[in-house]
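Let's walk through who touches whom in this complex. Have a look at the sequence and the structure first.

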Number of protein chains: 2
Amino acid sequence: MSDARPAQSFGGESLLFLTDEQLRQGIEAMFFAYRGFTADPDRILAEMAYGRAHHRAIHFINRAPGTTVNNLLAILGVTKQSLNRVLRTLIADGLVESRVGTQDKRERHLFLTPEGAALESKLSDAQRIRMRSAYKEAGPDAVAGFRQVLEAMMDREMRRTYANLRDSAT
Amino acid sequence: MSDARPAQSFGGESLLFLTDEQLRQGIEAMFFAYRGFTADPDRILAEMAYGRAHHRAIHFINRAPGTTVNNLLAILGVTKQSLNRVLRTLIADGLVESRVGTQDKRERHLFLTPEGAALESKLSDAQRIRMRSAYKEAGPDAVAGFRQVLEAMMDREMRRTYANLRDSAT
DNA sequence: CAGCTTATGTCAGTCTTGTTGACATTCCAA
DNA sequence: TTGGAATGTCAACAAGACTGACATAAGCTG
């Protein structure tokens with residue numbers, strides 16, 4: 001990493017000579033921001049016997065109702081055993097319903113129960129409030145840039161998954 | 001969350017009527033991007049007996065050489081027991097040096113050894129390569145927005161910590 | 001100096017969440 | 001029809017977070 005050069009600015013628009021220092025500030029920003037990003041739902045979850053993994057499962061089941069375990073696995077990027085433990089407790093607690101597939105009986109289709117949907121709303125609301133506030137503070141142009149950089153930072157496969165979810169929005 | 005209104009655009013500049021759908025896309029972008037953000041160092045760390053916790057400690061010790069345990073605790077936001085387990089292994093493995101404070105002998109000042117600095121470089125390089133590539137792809141304006149939104153998303157205290165680290169850059 | 005506070009380290013125990021290994025069920029194709 | 005592939009479940013284990021209790025050393029204050 002010896003190609004660091006000072007950033008140059010012309011009329012507010014910097015050329016892309018990125019110093020290690022600038023990049024490291026971005027790295028630290030991601031670290032601290034992610035903490036804030038998860039803080040509010042974490043607080044809610046801590047009151048119950050749940051963790052971040054439960055939140056993620058609930059989020060994406062709500063996002064794609066009827067999704068299979070395998071599909072959820074690909075989105076979350078964990079092992080099926082790890083996901084299964086989380087799903088088991090959510091099903092036992094009546095937040096998620098698992099229906100055997102009609103065509104392929106090996107598959108389980110996942111749905112939120114009304115109770116599950118209620119928790120999803122509570123968690124999402126908390127997270128959206130912070131996101132909305134950050135968006136408002138930074139402004140519309142910043143938000144567009146934010147989304148662009150995040151997307152460019154994803155692995156190829158995650159980028160595809162992300163785009164699929166985004167474009168499947170009703 | 002019943003105040004959702006369709007986003008309106010005028011000449012590429014949207015007003016800030018943020019729909020839940022737009023916010024949720026931001027939430028998912030953060031989730032997928034953070035995975036990419038940590039993926040490269042995680043791969044390197046997995047080959048050794050280390051994890052993400054070791055990376056974080058090494059990163060901030062490199063960032064602020066001579067920092068005390070207490071200071072590191074505040075930055076990382078974990079318990080001293082948790083940090084201590086990590087530091088103990090790093091010191092035992094000769095990656096970190098702990099020096100008793102000269103003025104206040106209760107304090108331990110932390111430094112990377114040459115071996116520790118080498119690992120830090122290796123990890124940072126991997127992470128910076130991805131960050132640099134994302135920055136290049138998104139462009140300079142996007143980068144500025146990215147940083148603004150991230151900063152607005154942090155907790156107040158983390159924001160202060162982040163700014164202190166940023167401004168202490170040589 | 002005595003006693004309180006601060007900084008650090010350690011031990012023990014628990015929880016969440018990731019892992020691998022083994023296994024059951026179901027589907028499909030040779 | 002039978003063997004392999006896909007899907008999901010159970011069990012055991014490891015990393016890394018947490019709390020609580022306690023020890024030690026050093027600074028500070030009356």
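By class, how many nonpolar, polar and charged residues does the surface near DNA strand C have? This is a predicted model, and in it that surface counts five nonpolar, ten polar and ten charged residues.

As for who sits there, 25 residues surround DNA strand C, and the closest ones are Gly51(A), Gln81(A), Ser82(A), Lys105(A) and Asn70(B). Chain A supplies two or more residues from each of α2 (52-63) and α4 (80-92), while chain B does so from α3 (69-76) and α4 (80-92).

On to DNA strand D, which has 23 residues around it; Val69(A), Gly51(B), Ala53(B), Val78(B) and Thr79(B) come nearest. The elements giving two or more residues here are α3 (69-76) and α4 of chain A, plus α2 (52-63) and α4 of chain B. The top contributor to this surface is α4(A), with five residues.

Then there's the protein-protein side of things. The contact takes 55 residues from chain A and 55 residues from chain B. On the chain A side, two or more residues come from each of β2 (13-14), α1 (20-47), α5 (114-138), α6 (140-153) and α7 (156-167). Of these, α1(A) gives the most, with 16 residues.

Here is how the classes split up:

| Surface | Nonpolar | Polar | Charged |
|---|---|---|---|
| Near DNA strand C | five residues | ten residues | ten residues |
| Near DNA strand D | five residues | nine residues | nine residues |
| Side of chain A that touches chain B | 30 residues | nine residues | 16 residues |

Terms used
Residues are numbered from 1 along each chain as its sequence is written. Chains are lettered from A and ligands numbered from 1 in the order in which they are written. This is a predicted model: local features need pLDDT of at least 70, side-chain atom pairs count only at pLDDT 80 or more; totals for chains, interfaces and linings use all residues. A residue is near a molecule or strand if its C-beta atom, placed from the backbone, lies within 6 Å of it. Helices (H or I, at least four residues) and strands (E, at least two) are DSSP runs, numbered from the N terminus. Ala, Val, Leu, Ile, Met, Phe, Trp, Tyr, Cys and Pro count as nonpolar, Asp, Glu, Lys and Arg as charged, and the others, Gly among them, as polar. Two residues are in contact if their C-beta atoms, placed from the backbone, lie within 7 Å.
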